[in-house]
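Grab a viewer and work through these exercises at your own pace. Each one has a task, then a solution that goes step by step.

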Amino acid sequence: MTSKEADQRGPAVLILGAPGAGKGTQAKNIAKVLDVPAISTGAIFRQNMADGTELGNRAKKYMDAGEFVPDSVTSPMVKARLEAPDAQKGFLLDGYPRTIDQAYYLRNTLAESGRELDLVLEITVDFDEVVKRLLNRAEIEGRSDDTEPVIRHRLEVYHEQTEPMVTYYADQDKLVQIDGEGTIDEVWERIYKVLEEHGLVAEGK
Ligand code: AMP
């Protein structure tokens, strides 16, 4: 890769947040203003489940139990996605990495093509607020992993596995925390401001 190619690369951003913190909604907005594809592991798994693919069938039992799909399935899937042509100009990752091991895998994968994450956003929301939001979403979307015991388990898993990774990115000065309380528009304004401050908003967006 020449340095010219590296200069033409767009932003590589990761969005984090407990289930129900509203990151799916914000991820779409972020990808739009950065002018990069949004890559959501949860969405890829759900699409595969809906299509009845082998990948979907393998992921289903873990997702329905609120457990992580094994890295042996998830990590190569993400690597392949990041190697696709549309991800070369940058990307917004949503839902991967979720553990320190996945963060190391991502770092190594990106390093192979001279890339690294530019920014990590974490949307923070109070535990009870998140349970309330997820139960509400369960009624609207009917997702099979949105029952109360599974929701509580997914939140525990987030705190145990993902919080240590937040520290890993904070230590590298890549982390910006966003207050996730309030309306979608209010949270979006906070995010947009941070993206602007980091010079990541694409021209005309
Ligand atoms: P999400 O839509 O991001 O909340 O993800 C829904 C479910 O997909 C999770 O509860 C996991 O079962 C699975 N999943 C998504 N991303 C990952 C990941 N990075 N590692 C393992 N499992 C994942």
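**Exercise 1. One helix, two faces**

What covers the buried residues of α4? Find out which residues those are, and look at the opposite face too.

Before you start: this is a predicted model, where local features need pLDDT of at least 70, side-chain atom pairs count only at pLDDT 80 or more, and totals for chains, interfaces and linings use all residues. Residues are numbered from 1 along each chain as its sequence is written, and side-chain values use heavy atoms, with hydrogens and water left out.

Solution.
- Step 1: Locate the helix. α4 spans residues 54-64; helices (H or I, at least four residues) and strands (E, at least two) are DSSP runs, numbered from the N terminus.
- Step 2: Pick out the buried positions, which are G56, A59 and M63. Buried means under 20% relative accessible area, exposed over 50%, and partly exposed in between (1.4 Å probe, protein chains only).
- Step 3: Look down the axis. The buried residues of α4 fall within an arc of 75°, so they line one face of the helix. That arc is taken over the directions from the helix axis to the C-beta atoms. The background is simple: an α-helix has 3.6 residues a turn, so residues three or four places apart point the same way.
- Step 4: Find the cover. It includes α3 (41-51), where contact means heavy atoms within 4.5 Å.
- Step 5: Flip to the other side. Turned away from the buried side of α4 are the exposed residues E54, N57 and K61.
- Step 6: Check R58, which also sits in α4. With a relative accessible area of 46%, R58 is partly exposed. R58 and P70 are twelve residues apart in sequence, yet their C-alpha atoms are 9.5 Å apart in space.
- Step 7: Leave the helix. α4 is followed by G66, whose phi is positive, near 75°.

**Exercise 2. Around the ligand**

Which residues come nearest to the ligand, and which helix gives the most to the shell around it?

Solution.
- Step 1: List the neighbours. There are 16 residues around the ligand, and T41, R46, E67, G95 and R98 come nearest. A residue counts as near if one of its heavy atoms lies within 4 Å.
- Step 2: Assign the shell. α3 gives the most, with four residues.
- Step 3: Go through some polar contacts (pairs of N or O atoms within 3.5 Å). An N or O atom in the side chain of R46 is 2.9 Å from an oxygen atom of the ligand. V69 uses a polar backbone atom, 3.0 Å from a ligand nitrogen atom. Q102 brings a polar side-chain atom to 3.0 Å from a nitrogen atom of the ligand.
- Step 4: Work out the cover. Alone, the ligand exposes 480 Å², and the protein buries 96% of that; the areas come from the Shrake-Rupley method with a 1.4 Å probe.

**Exercise 3. Into the core**

Which residues of the largest nonpolar core touch the most other members?

Solution.
- Step 1: Set the rule. A nonpolar core is a set of buried Ala, Val, Leu, Ile, Met, Phe, Trp, Tyr and Cys residues joined through side-chain atoms within 4.5 Å.
- Step 2: Read off the hubs. The largest core has 48 residues, and I30, L117, L121, Y169, I191 and L195 touch the most other members. Helix α8 (residues 148-171) gives the most to this core, with seven residues.
- Step 3: Spot the other one. Apart from this core lies another of six residues, among them F45, V69, V73 and M77.
- Step 4: Zoom in on L117. Not counting residues up to four places away in sequence, L117 touches A12, V13, L14, F91, L106, L110, Y169 and K174.

**Exercise 4. Backbone oddities**

Where is the cis peptide bond, and where do D35 and D173 sit?

Solution.
- Step 1: Check omega. The peptide bond from Y96 to P97 is cis, with omega near -5°. P97 is in the loop between β3 (91-94) and α6.
- Step 2: Check phi. D35 is not a glycine, but its phi is positive at about 60°. D35 lies in the loop between α2 and β2 (38-40), and is partly exposed at 39%.
- Step 3: Repeat for D173. Its phi is also positive, about 60°, and D173 is not a glycine either. D173 is in the loop between α8 and β5 (175-179), and at 73% relative accessibility it counts as exposed.

Definitions and conventions: Polar contact = N/O pair within 3.5 Å; in protein donor to acceptor, adjacent residues only side chain to side chain.
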